[in-house]
Amino acid sequence: MTAMGGRRARRRAANGRQPNLPPPSPPPRALPAHFRLCARSTSGAEPESARARGAGAERGERREGESAAAGMGEFKVHRVRFFNYVPSGIRCVAYNNQSNRLAVSRTDGTVEVYNLSANYFQEKFFPGHESRATEALCWAEGQRLFSAGLNGEIMEYDLQALNIKYAVDAFGGPIWSMAASPSGSQLLVGCEDGSVKLFQITPDKIQFERNFDRQKSRILSLSWHPSGTHIAAGSIDYISVFDVKSGSAVHKMIVDRQYMGVSKRKCIVWGVAFLSDGTVISVDSAGKVQFWDSATGTLVKSHLIANADVQSIAVAEQEDSFVVGTAEGTVFHFQLVPVTSNSSEKQWVRTKPFQHHTHDVRTVAHSPTALISGGTDTHLVIRPLMEKVEVKNYDAALRKITFPHRRLISCSKKRQLLLFQFAHHLELWRLGSTVATGKNGDTLPLSKNADHLLHLKTKGPENIICSCISPCGSWIAYSTVSRFFLYRLNYEHDNISLKRVSKMPPFLRSALQILFSEDSTKLFVASNQGALHIVQLSGGSFKHLHAFQPQSGTVEAMCLLAVSSDGNWLAASGTSAGVHVYNVKQLKLHCTVPAYNFPVTAMAIAPNTNNLVIAHSDQQVFEYSIPDKQYTDWSRTVQKQGFHHLWLQRDTPITHISFHPKRPMHILLHDAYMFCIIDKSLPLPNDKTLLYNPFPPTNESDVVRRRTAHAFKISKIYKPLLFMDLLDERTLVAVERPLDDIIAQLPPPIKKKKFGT
């Protein structure tokens with residue numbers, strides 16, 4: 001915890017100890033100390049001059065005046081690029097065909113669940129832990145999710161309460177692989193000591209059943225035969241085939257160590273797949289994909305596809321295609337095709353290579369309509385199979401998911417502060433300022449640079465789940481799985497002191513969402529057990545006022561909160577896409593918004609009207625009147641007419657909604673690649689209208705401009721956009737995280753020789 005303000009700040013003890021100095025923040029690269037202003041239209045096309053000016057501004061803060069055509073308004077924009085956030089790499093993925101969900105594990109132990117039917121929205125996540133290096137992930141018994149890792153434990157996740165149900169030690173050392181039986185009733189794990197262990201899945205837990213014959217080296221990959229009678233286990237230099245009933249190894253298939261004509265010391269079998277006809281497909285560190293006959297234990301065919309490791313494999317449910325990922329960043333698609341046009345005999349053919357990654361592809365999955373891959377470069381890539389996509393809409397588009405679909409940034413508008421959340425620390429920054437003036441498109445010089453005020457590091461191995469700074473800037477709260485932290489901040493000129501509020505009640509821990517009231521006198525905490533807690537803040541102390549308990553028989557974690565500006569209403573959204581509205585004064589449930597099929601991605605309550613605006617993962621936006629307990633007339637009009645098809649085809653969810661204090665008809669919202677103002681006083685665009693260019697040239701008459709104007713004013717200047725909000729009626733703050741900056745901080749990829757070099 002540190003205070004910094006241009007000169008050495010005065011240190012104050014927070015709770016009897018001295019704060020720690022933060023690591024020095026990286027200096028802006030190629031960025032002069034000034035704000036930039038860009039005159040912009042809403043066409044989404046970037047002028048050449050703007051691109052040239054922005055190319056060198058990779059970090060730091062800029063302030064821009066934006067004129068986005070009449071009706072959108074004119075803003076000064078703090079353009080922030082000093083949020084040095086780097087997502088963790090992807091270690092493994094598991095696709096659930098029954099629910100069409102994808103589980104993703106990252107290198108820091110975080111597990112995310114994506115609903116592919118809900119526009120690939122990240123609907124659940126489980127925070128990481130320093131001691132959990134997850135190496136395997138699988139679904140069993142339909143909706144049950146398990147993971148295993150190098151700590152030697154098997155864990156099951158509670159998908160309702162969003163916590164870990166239990167952890168069981170397999171007593172075989174680090175676990176490298178795991179697979180659920182075709183029936184979903186049994187679980188296999190492969191361990192460091194060469195053992196393969198079978199567990200029975202019971203309704204409440206898992207129970208150890210027996211060991212298979214121990215092998216000489218670690219078990220790095222596992223696959224069940226679809227009948228459930230045999231398994232294949234990949235190790236170092238060989239593949240074993242086991243009989244499940246006896247637990248004995250019936251075949252050992254030795255893999256070739258030859259790599260590009262040279263014998264390697266070891267050949268690691270990174271992945272295996274057991275097909276219905278008895279074929280075992282293996283991928284290994286020699287860059288080969290090999291086909292084995294499990295009945296005879298012989299090699300049938302071999303494909304050398306890479307000059308580096310082939311690290312992962314996944315087979316389609318129909319067993320007519322499979323996908324592999326390499327350490328060179330390439331994904332290869334194999335398909336089972338007839339040998340000749342009229343032949344019933346089929347063979348495996350490598351049909352399509354894809355290069356959507358810059359680094360190792362550590363894991364792959366195969367859904368009925370797409371190839372899914374992830375790896376060191378942090379991207380989750382969904383590559384649709386065009387021949388399997390019936391309707392050529394946004395499901396047919398390539399997707400790259402890099403950033404979490406949850407909030408990592410909060411803002412204190414009064415003090416112009418930004419709080420950045422990382423896995424194990426928080427950073428507090430004060431925005432820069434300028435006294436200069438100019439016209440649209442001008443660059444305003446900074447009179448004061450942005451200041452890194454605070455570096456607040458957590459204790460222990462747990463990742464931060466959520467955090468928030470109060471609107472007044474005097475409170476910071478954050479939560480981990482086991483503890484809840486609340487701090488009081490005091491400001492004196494360029495100095496800041498921090499005091500931790502002690503004896504926080506244990507029921508606040510493992511909070512999924514934290515929110516302060518507009519006047520900073522109340523703190524709202526959503527626990528993973530479904531309860532909503534209201535805490536009164538006064539001076540440097542707190543008082544627990546009330547807890548809204550979940551309905552009887554349900555434990556649904558609340559993932560999103562919204563509070564009205566007058567503090568009278570609190571809206572909460574859970575994992576089942578339901579939204580509940582509570583009366584904070586009377587401390588009771590006021591109403592429940594009608595259920596919708598898609599999860600909520602963002603919501604906010606408008607001042608003055610107390611209308612609740614809700615965005616869903618299918619890009620629909622609803623407006624619900626809290627006092628009247630019904631949808632507003634504008635919302636009913638929207639649902640009757642429908643949104644523009646280009647709006648609905650966007651592939652990133654809306655993550656933040658806010659309102660203009662002086663323009664009650666305006667709704668401000670953004671996703672990762674656009675910022676939009678919806679003017680409810682204007683007509684909605686139809687599919688024949690240009691969504692991104694609603695205004696004719698400025699030399700047209702006002703009558704023509706009004707006739708062609710529509711409600712959506714969209715800007716695509718800022719991207720990837722992690723946060724955007726109004727600081728006041730004339731000032732915006734936009735936090736970007738350029739992908740090139742993330743790639744620059746990753747380890748170097750494997751160099752591939754290119755033709756002519």
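These are my notebook entries on what I looked up in this structure, which is a predicted model.

**Entry 1. Overall counts**

I started with the secondary structure and found five helices and 58 strands in the chain. I then looked up burial: 59% of the 757 residues in the chain are buried. For contacts with a separation of 6 or more, I noted that residues 24 or more positions apart account for 50%.

**Entry 2. Sheet E3 to E6**

I looked up the strand order here and got E3-E4-E5-E6, an open sheet of four strands with antiparallel pairing. The edges are strand E3 (90-96) and strand E6 (121-126), each of which pairs on one side only. Neighbouring strands of this sheet are turned by 20° against each other on average, direction ignored. I checked one pair in detail: E3 and strand E4 (residues 101-106) are antiparallel and share six bridges. Within that pair, Ile90 has Arg106 of E4 as its bridge partner.

**Entry 3. Strand E8 and its two neighbours**

Is strand E8 (residues 144-149) mostly covered or mostly open? It is mostly covered, as six of its six residues are buried. I looked up which way the side chains go. Arg144, Phe146 and Ala148 point one way from E8, while Leu145, Ser147 and Gly149 point the other way, and all are buried.

On the N-terminal side I listed strand E7 (residues 134-140), which runs antiparallel to E8 and is joined to it by six bridges. Trp139 has Leu145 in E8 as its bridge partner. The two strands form a hairpin with three residues between them, and Glu141 in the turn has a positive phi of about 50°.

Next I took strand E9 (residues 153-158), which pairs with E8 in the antiparallel sense over four bridges. Here Ala148 is matched with Ile154 in E9 as its bridge partner. E8 and E9 also form a hairpin with three residues between them, and in this turn Gly152 has a positive phi of about 80°.

**Entry 4. The largest nonpolar core**

Which members of the largest nonpolar core touch the most other members? Of its 34 residues, I found Leu145, Phe484, Leu486, Ile514, Phe516 and Leu523 in that role. The largest share of this core comes from strand E41 (residues 511-516), with four residues. Domain 1 (90-328) and domain 3 (405-556) both give residues to this core, so the core lies between them.

A second, separate core has 24 residues, including Val613, Ile678, Ala711 and Phe712.

Back in the largest core, I listed the contacts of Phe484, leaving out residues up to four places away in sequence. Among them are Ala477, Tyr478, Met504, Leu508, Ile514, Leu523 and Val525.

**Entry 5. Sheet E41 to E44**

I looked up the sheet that contains E41. It is an open sheet of four strands in the order E41-E42-E43-E44, with antiparallel pairing. E41 and strand E44 (541-548) are the edge strands, each pairing on one side only. The twist averages 20° from one strand to the next. In the middle of the order, strand E42 (residues 522-527) and strand E43 (residues 532-538) run antiparallel and are joined by five bridges. Leu523, listed above for the largest core, has Val535 in E43 as its bridge partner.

**Entry 6. Strands E55 and E56**

I looked at strand E56 (residues 712-715) next. Phe712 and Ile714 point one way from it and Lys713 and Ser715 the other way, and all are buried. Strand E55 (residues 675-679) pairs with E56 in the antiparallel sense over four bridges. Lys713 in E56 stands opposite Ile677.

**Entry 7. Val323**

Val323 lies in strand E26 (residues 321-326). Its relative accessibility is 1%, so I counted Val323 as buried, the cut-off being under 20%. I listed its contacts, not counting residues up to four places away in sequence; they include Ser312, Ile313, Val331, Phe332, Val364, His366 and Leu371. I also looked up Val323 against Phe334: they are 11 residues apart in sequence and 6.1 Å apart in space, C-alpha to C-alpha.

**Entry 8. Cysteines**

How many disulfides does the structure hold? I found zero. I then checked burial for two cysteines. Cys191 is at 0% relative accessibility and therefore counts as buried. Cys267 is at 1% and also counts as buried.

Methods. Residues are numbered from 1 along each chain as its sequence is written. This is a predicted model: local features need pLDDT of at least 70, side-chain atom pairs count only at pLDDT 80 or more; totals for chains, interfaces and linings use all residues. Side-chain values use heavy atoms; hydrogens and water are left out. Two strands pair if DSSP finds at least two bridges between them. Axes are lines fitted to C-alpha atoms, for helices over the stretch in contact, and angles run from 0 to 180 degrees between N-to-C directions. A nonpolar core is a set of buried Ala, Val, Leu, Ile, Met, Phe, Trp, Tyr and Cys residues joined through side-chain atoms within 4.5 Å. Buried means under 20% relative accessible area, exposed over 50%, partly exposed in between (1.4 Å probe, protein chains only). Domain bounds come from an automatic or database domain assignment. Contact means heavy atoms within 4.5 Å. A disulfide is a pair of cysteine sulfur atoms within 2.5 Å.
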